[in-house]
Each structure stands twice: as C-alpha cells, then as structure tokens.
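Student: I would like a close look at a single part of this structure. Please take one residue and describe its setting, then place that setting within the rest of the chain.

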Amino acid sequence: MNEQIFNIFGYAASANACLMMIPQLYLTVKKKSFEDLSIKMIVMNLFTQMLFFPYSTHFHLYPLIIVNTILSSCDVIILSFYFYYRKRNVDELAKELLDDVFVNSDRV
C-alpha cells in the first residue's frame, strides 16, 4: 500500500483520540463534578503520554506527537480543575465547621 494511506490512518486516529477526550473535559469543567472520574486514570494517562513523547519525537511519529500533546493538555486541565475545586471544597467545609462551632458555643 501507499505510505500516504498509512499517514492518513495515523492522523485520523490521532484526531479521533483527541475528539474522544473533549466530552469528558467539557462535562468535568461544566459540572465541576469529579465523582464519576478516576483521577488515578487521568494521572496514569498523563504519565503514559509523557513516556510516549520522547519515543514519538525520536522516530518522528507526528500523529502521536500531536495526540499526546493535546491529550496531555486535556489531562492537565482536568487535574487543575480537580485540585482547585478539591481545595475549595475543603476550605468551605472547614469554614462551615468553624462557623458551626462558634455559633453553637453561644447557645451553651
């Protein structure tokens, strides 16, 4: 087969892999909910993409470079939102607990 056909398959697969991540990224950012998301999977995904990067650049595998760069960006965005909202939720919980302690101590 012509090598150009294989390049088309590679770029099409890369585009599809990037498109597969967009719904997850959209829902995570929109709903600000991480209950149904495995953060361990996201971290492992990011680690795998980091391992693929030197391999892809060494062998000039441009479809893999593109997909790993985009998927890494999506994973970093999801992790950023996860840690931001996790910290915010902990801060809010601590504030509620402190408020509850001080409000209830006036009643005693």
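**A polar residue and its surroundings**

Tutor: Asn 68 has a relative accessibility of 7% and therefore counts as buried, the cut-off for that class being under 20%. The model discussed here is a predicted one. Asn 68 lies in helix H3, which covers residues 62–107. Setting aside residues up to four places away in sequence, Asn 68 touches Gln 49, Phe 52 and Ser 56. For one of these partners, Gln 49, the separation in sequence is 19 residues, while the C-alpha to C-alpha distance from Asn 68 is 5.4 Å.

Helix H3 also takes part in the largest nonpolar core, which has 15 residues. H1, helix H2 (39–58) and H3 each give two or more residues to this core, and H3 gives the most, with seven. Among the residues with the most contacts inside the core are Met 21, Phe 34, Ile 42 and Ile 78. Ile 42 may serve as an example: beyond its neighbours within four places in sequence, Ile 42 is in contact with Met 21, Leu 37, Asp 75, Ile 78 and Leu 79.

The surface offers a further view of H3. Tyr 11, Tyr 62, Ile 66 and Ile 70 make a nonpolar surface patch of about 370 Å², and the largest share of this patch, three residues, comes from H3. Tyr 11, by contrast, is placed in helix H1 (residues 3–31). With a relative accessible area of 38%, Tyr 11 is partly exposed, because that value falls between the 20% and 50% cut-offs.

Methods. Residues numbered from 1 in each chain as written. Predicted model: local features only at pLDDT ≥ 70, side-chain atom pairs only at ≥ 80, totals over all residues. Heavy atoms only, no water. Helix = DSSP H or I, 4+ residues; strand = E, 2+ residues; numbered from the N terminus. Buried < 20%, exposed > 50% of the residue type's maximum accessible area, 1.4 Å probe, protein only. Contact = heavy atoms within 4.5 Å. Patch = residues over 30% accessible without salt bridge, like charges linked within 9 Å, V, L, I, M, F, W, Y side chains within 5 Å. Areas by Shrake-Rupley, 256 points an atom, 1.4 Å probe, with all protein chains shown as cover. Salt bridge = Lys/Arg side-chain N within 4 Å of Asp/Glu carboxyl O. Core = buried A, V, L, I, M, F, W, Y, C linked by side-chain atoms within 4.5 Å.
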